[in-house]
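Biologist: Could you please take me through this protein, one topic at a time?
Modeller: Certainly; let us look at the structure together.

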Amino acid sequence: MKIEHPHAKARGQDSPDAISAWLVPQIHPPLWRVMLVTLAAILAAMVLRVVALGLTSGVGATLTFFPAMIVAALYGGWAWGLAPSLAGALFAWWLWRGHDAAPPLSGELPGLALYLLSSLVTIGMAAKLRSTVLRLAEARRRQDEAEARLRVVQTSAGVGSWEWDIENDLLTLSPTARRNIGVAGEGPVTLSDLHELVHPDDRAMMREKVAQAVKVGPDYEVEYRVPNHPDGERWIHGQGQVIRNAAGRAVSAVGVNYDVTKRRQAEERLRESEARFRSLADSAPALMWISGEDGVRVFVNTAYVEFAGVSYDEALVLDWRSRLHADDLNKILKAQIAGEASRKPFSLEGRYRRADGQMRWLKSFSQPRLGCGGEFNGFIGIAFDVTDAKEAEVKLTGLNELLADRVQEALAERDEVQAALTQSQKLEAIGQLTGGVAHDFNNLLTVIIGALDVLERNPTDEKRRERMLQAAQSAAKRGEKLTHHLLAFARRQPLNPEICRIDAMIGESESLLRRAVGEGVELRLDLKAGGRTTLTDSGQFEAALLNLVVNARDATPQGGRITVSSLGLDLAEPRGDLPAGRYLSVAVTDTGAGMDAETLQRAFEPFYTTKPVGKGTGLGLSQVYGFVRQSGGEVTIESKVGEGTTVSMLLPVREAFSPVEVLAVRPPATRASSHVLLVEDDAEVGDLVSAMIDELGHMVSRASNADEALTIARADPTLALVITDVIMPGGKSGVDLAAALAQERPELPVLLSSGYTGQELSRTQDSPWPLLRKPYALDALAQAMADAWDRPAPVTMTPKKGGKAKG
């Protein structure tokens, strides 16, 4: 329906507004039109005067010019109103005197003056009226624009205006208001007509709202459904205000309506979502809750209420501190306060008393709730009863401990078997070396025995004695070096990474390698690494090299050749796992049968071997691989069937931080004669060491085992030093003896001595006592004794119970 503006009729062609708009144009007319209107007004005034009174003078000579002045002033402004005024004065002068040349009467001049004064007043009032009309027109134009903008805004926002004439029961609706409620056509609508459009379930409520607003007012607000709307059922929100007359009687109401269907649908979806959430939460077997920003719970599920054993409202404010186990109270409270303060996910676990009095383990998880803008709105939490799991965990812990013991036993057995298997290959290689080693030792013993025999026969020949002593010492040192090679191969030497010159180490191992190769295969050395060094354990390197040489020997037929080569290599770019840098390569090449693709792929697998049963364990290449990888290098194999194999060890170059310095042997430290206890089970070694201690000027007591040494130490307070072998009979080692003395006489220094330590080696490395390795010379013994006296007393060590040692 079209709402008529209260000024609409006044704006028609016959309305006063149209006349005033013609007399007082809002836009100033052009000059010619103003002149035309002014001239027309003057002529009309003159014609009207002549028609009414003729050309006679007297009263009314200028009366008809006042309307002309008003028209000219309203149309063109006050300046143009002066033209009819002057024209009227001239016309009166002409009537009074002009047409018959008679002088004016004495009373006519004051009349003319009064005319001019009255015309000025008339022109001024007309000009003021013109200004007022223009301002009113401008105000009306602005009002029309504001109303038009309001209509546009309301239409675009879906807001429709309405006005209800209560006395006449006439409802005037804007087009938007009609569209909102689905009313077509134009014309007023009664309140009863509107009620017919409303959903039957909402009509009574709407009538009550209208009646209440009319009765007590002044505000009116209602939401109702329109079921037969062209766009389907719509929700309409109406609100307005009741207007009353001076007597307080409601005469009309004005307001707006707008479509709130989307909001209602969103609210309905939200209610459905909340209903689904409540149904899901109530069906969950876990305790669930939601808290607000202030920490107060706003929702709990059925499981929560049942666990607490209280009503829903009481569960919302339940203080769980009264249900917590006393041992868990402080821990839970601290964790909860910290978790809520962080506004991050947190978890709690503790024992709570259930409604039936049982203490149950609950594990809870709390997650922060965030609003659409990321603002914190509280927490949502869930708790599970983990009592059964806790009890099962206790039982499982016992089973795990039992299983761990059994697994430990099985692992120990496996380690023993694996150690035996690991040693088997070395024993096989050592068996191959037995003949060569026996030959070398026979040669060394021949030199030593022959030199001693010559000394015995010629005790006074100084030159011969010096030559024979040098030969015997040289042979003994060669024997010591050969022993070290064998121990390194058997992995009985301690790990001692150091800067090593590879070419020098290979050269020192040449004799051992030749004995391993035998007489039927040629061994060549091609050493070109120069001065390059690497950080490695010399014993492990020699054992790895010997493993490769033995493997090459087994693959090479009689008359073949094995080449051990070294070469410096620089990598400009990373290769595989190796970064760019300086490296040195040690390769063992044979002229044997070579490997096929399958063998190459599995070459580094532990226990994989192509040798017949009893001829190898398959651990050689795997040990080489492990050693090289631990040293930061890489192992590669190149092989062709029928042409031979090359195994290369690529090791990173490592250099010492300072040049190697050749240090002179320090002279033995001098010390006053002291009482030394020597614990040695080998009588011949004991006699020799006793003589050496006596040579240094000290008194010596002897013991053959740990128990005997403890007895002497307890009875003799004059002892100043104990020198003990590590491996001794009687079930106690030298380390056990040192530990016992550290408890009984912590001020008494102890010096350990051994040439072969076996399993006790790790204990000597971890112990606080110095170790003197056999064999040793007099100077080394003197220096070791001096170091033992200078070393501070060690921290007390618990002696090993029931230790076993192999003689």
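Modeller: A term is needed before we start: helices (H or I, at least four residues) and strands (E, at least two) are DSSP runs, numbered from the N terminus. Please also keep in mind that this is a predicted model.

Biologist: Then where is Asp 169 found?
Modeller: Asp 169 is in the loop between β1 (160-165) and β2 (170-173). Its phi is near 50°, a positive value in a residue other than glycine.

Biologist: What sign does phi have in most residues other than glycine?
Modeller: Most of them have a negative phi. Arg 343 also has a positive phi, of about 55°, although it is not a glycine. Arg 343 belongs to the loop between α12 (326-342) and β8 (346-353).

Biologist: Why does Arg 343 count as partly exposed?
Modeller: Arg 343 counts as partly exposed because its relative accessible area is 43%, and partly exposed covers the range between under 20%, which is buried, and over 50%, which is exposed.

Biologist: Which residues does the cis peptide bond join?
Modeller: The cis bond joins Lys 774 and Pro 775, with omega at about -5°. Pro 775 sits in the loop between β22 (771-773) and α24 (778-790). In general, most peptide bonds are trans.

Biologist: Changing topic, how many helices and strands are there in the protein?
Modeller: The protein has 24 helices and 22 strands. Of its 807 residues, 38% are buried.

Biologist: How many residues has the largest nonpolar core?
Modeller: That core has 34 residues, and Ile 502, Phe 541, Leu 545, Val 586, Val 588 and Met 649 have the most contacts inside it. Elements that give two or more residues to this core include α15 (502-508), α17 (538-555), β15 (581-590) and β17 (644-652). Helix α17 gives the most, with 8 residues.

Biologist: And which residues is Phe 541 in contact with?
Modeller: Leaving aside neighbours within four places in sequence, Phe 541 is in contact with several residues, among them Ile 502, Met 505, Val 586, Phe 627 and Met 649. Apart from this core lies another, of 23 residues, including Val 726 and Val 735.

Biologist: What about the surface: which residues form the nonpolar patch?
Modeller: The patch is formed by Leu 114, Leu 117, Val 121 and Met 125, which together have about 420 Å² of accessible area. Leu 117 is placed in helix α5 (residues 108-157). Leu 117 counts as exposed because its relative accessibility is 52%.

Biologist: Now the charges, please. How many salt bridges does the count come to?
Modeller: The count comes to 24 salt bridges. In one of them, the side chains of Glu 268 and Arg 271 meet at 2.5 Å, N to O. Both residues lie in helix α9 (residues 261-283), 3 residues apart, about one turn of the helix.

Biologist: Is Arg 745, in its bridge with Glu 747, buried or exposed?
Modeller: Arg 745 is buried, with a relative accessible area of 13%, whereas Glu 747 is exposed, at 54%. The closest N and O atoms of this pair are 3.3 Å apart. Elsewhere, salt bridges that share partners join Glu 223, Arg 263, Arg 264 and Glu 267 into one network.

Technical notes
Residues numbered from 1 in each chain as written. Predicted model: local features only at pLDDT ≥ 70, side-chain atom pairs only at ≥ 80, totals over all residues. Heavy atoms only, no water. Patch = residues over 30% accessible without salt bridge, like charges linked within 9 Å, V, L, I, M, F, W, Y side chains within 5 Å. Areas by Shrake-Rupley, 256 points an atom, 1.4 Å probe, with all protein chains shown as cover. Salt bridge = Lys/Arg side-chain N within 4 Å of Asp/Glu carboxyl O. Buried < 20%, exposed > 50% of the residue type's maximum accessible area, 1.4 Å probe, protein only. Core = buried A, V, L, I, M, F, W, Y, C linked by side-chain atoms within 4.5 Å. Contact = heavy atoms within 4.5 Å.
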